[in-house]
Amino acid sequence: MGRPQIWKPVRRFLTFAYSYPVRSYSMASARGALIVLEGVDHSGKTTQCMKLVEALKKHGKKAELIRFPDRTTAIGSVINDYLGNKCELHDFAIHLLFSANRWEAVPRMEKLLSEGTSLIVDRYAYSGVAFTAAKGLDMKRCQHSDIGLPRPDLVIYLTLPPEEAAKRSEYGGERYEQTDFQEKVAENFKVLQEKDWKIVNANQTIEELHTHILELAMEAVTKSSCQPILPLWKHTENGYA
Ligand SMILES: Nc1ncnc2c1ncn2[C@@H]1O[C@H](COP(=O)(O)OP(=O)(O)OP(=O)(O)O)[C@@H](O)[C@H]1O
Ligand SMILES: Cc1cn([C@H]2C[C@H](O)[C@@H](COP(=O)(O)O)O2)c(=O)[nH]c1=O
């Protein structure tokens, strides 16, 4: 015997009513992932960031590239002059400008992430600390100005010996592109490295690297979609973590 006809619309209504809040909650809360690529100068970060943004989009994900320093802002323009040896600044003053250049991007970053856009970030606070500390400044003091930035969901560190990076085209044009300095930067990156960083050998073809990086990024996009955005670096007994 069939069920009375009245049940059909009631069942439809109940199915809609119960599923609606769940659907709208998961749509509204699925945030983008914050994915950072780090490494010494000329390790291939920009090439990989650009390829990654395009590939994520092809996979139906919203993605945007962010580069630090962002040389398009007023602060970024001073940084650009400094890197091009057009002006001199106190080591800590330029450090704070690099940091301010990240902070000025935070409102936009948070908005994009909350709207579900994944951000592929070419350098972040780790470069800030690794480069300034390579000049002899205290690492913890260098970290201080970046405490509280949005914490990346994934950090991919491209390893390449600085002498290999130096063989790549257009090396040596900017202030820090000297192999002895980059050796110190690489040592500092090792100190900053956290357990969950993905260390990728950059001495591979562009396509080989891309395949690996895309796999890591897709995993991070899925994993972080329902997680809160945490702040970068907090005090621990051994420094900042
Ligand atoms: N896997 C690779 N193998 C060989 N050459 C590469 C590879 N990836 C990038 N390159 C080349 O190395 C140079 C530097 O690449 P890219 O700008 O991507 O590096 P980067 O780490 O962003 O550099 P920078 O630190 O100066 O911003 C470019 O000429 C690029 O074409
Ligand atoms: C973000 C950041 C960067 N640097 C250094 C690292 C590089 O030598 C240049 C930027 O070069 P790019 O080709 O534009 O990546 O600046 C730094 O010293 N501190 C920082 O915070």
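This tour moves from the whole chain to two ligand sites and then to one helix.

**Set-up.** The model is predicted: local features need pLDDT of at least 70, side-chain atom pairs count only at pLDDT 80 or more, and totals for chains, interfaces and linings use all residues. Residues are numbered from 1 along each chain as its sequence is written, while chains are lettered from A and ligands numbered from 1 in the order in which they are written.

**Whole chain.** Colour by secondary structure. The chain has ten helices and seven strands. These are DSSP runs, numbered from the N terminus: helices are H or I with at least four residues, strands E with at least two. Of the 241 residues, 35% are buried. Buried means 20 or more other C-beta atoms within 10 Å of the residue's own; exposed means 12 or fewer; partly exposed lies in between, with C-beta atoms placed from the backbone.

**Residues 37-213.** Select this range next. An unreviewed UniProt entry lists it as "domain: Thymidylate kinase-like". UniProt positions follow the numbering used here, feature names are shortened, and annotations may be inferred rather than shown by experiment. The range is 49% helix and 13% strand, with its end C-alpha atoms 10 Å apart.

**Ligand 1.** Show its shell: residues whose C-beta atom, placed from the backbone, lies within 6 Å. There are 15, the closest being Gly 44, Lys 45, Thr 46, Thr 47 and Arg 168. Helix α2 (45-58) and helix α10 (206-224) each supply at least two. The most come from α2, with three. By type, the shell has two nonpolar, nine polar and four charged residues. Here Ala, Val, Leu, Ile, Met, Phe, Trp, Tyr, Cys and Pro count as nonpolar, Asp, Glu, Lys and Arg as charged, and the others, Gly among them, as polar.

**Ligand 2.** Move here and show its neighbours, including Asp 41, Phe 68, Arg 123, Glu 174 and Tyr 176. Helix α6 (residues 125-133) gives the largest share, three residues. The shell divides into six nonpolar, two polar and three charged.

**Helix α10.** Select 206-224. Which residues of α10 are buried? They are Leu 209, Ile 213, Ala 217, Ala 220, Val 221 and Ser 224. Look down the axis: the buried residues fall within an arc of 100°, so they line one face. The arc is taken over directions from the helix axis to the C-beta atoms. Now turn to the face pointing away, where Glu 207, Glu 208, Thr 211, Glu 215, Thr 222 and Lys 223 are exposed. Finally, add β1 (34-39), α2, β3 (118-122), β4 (154-159) and β5 (198-201), against which the buried residues of α10 pack. Contact means C-beta atoms, placed from the backbone, within 7 Å.

How values were computed:
Two residues are in contact if their C-beta atoms, placed from the backbone, lie within 7 Å.
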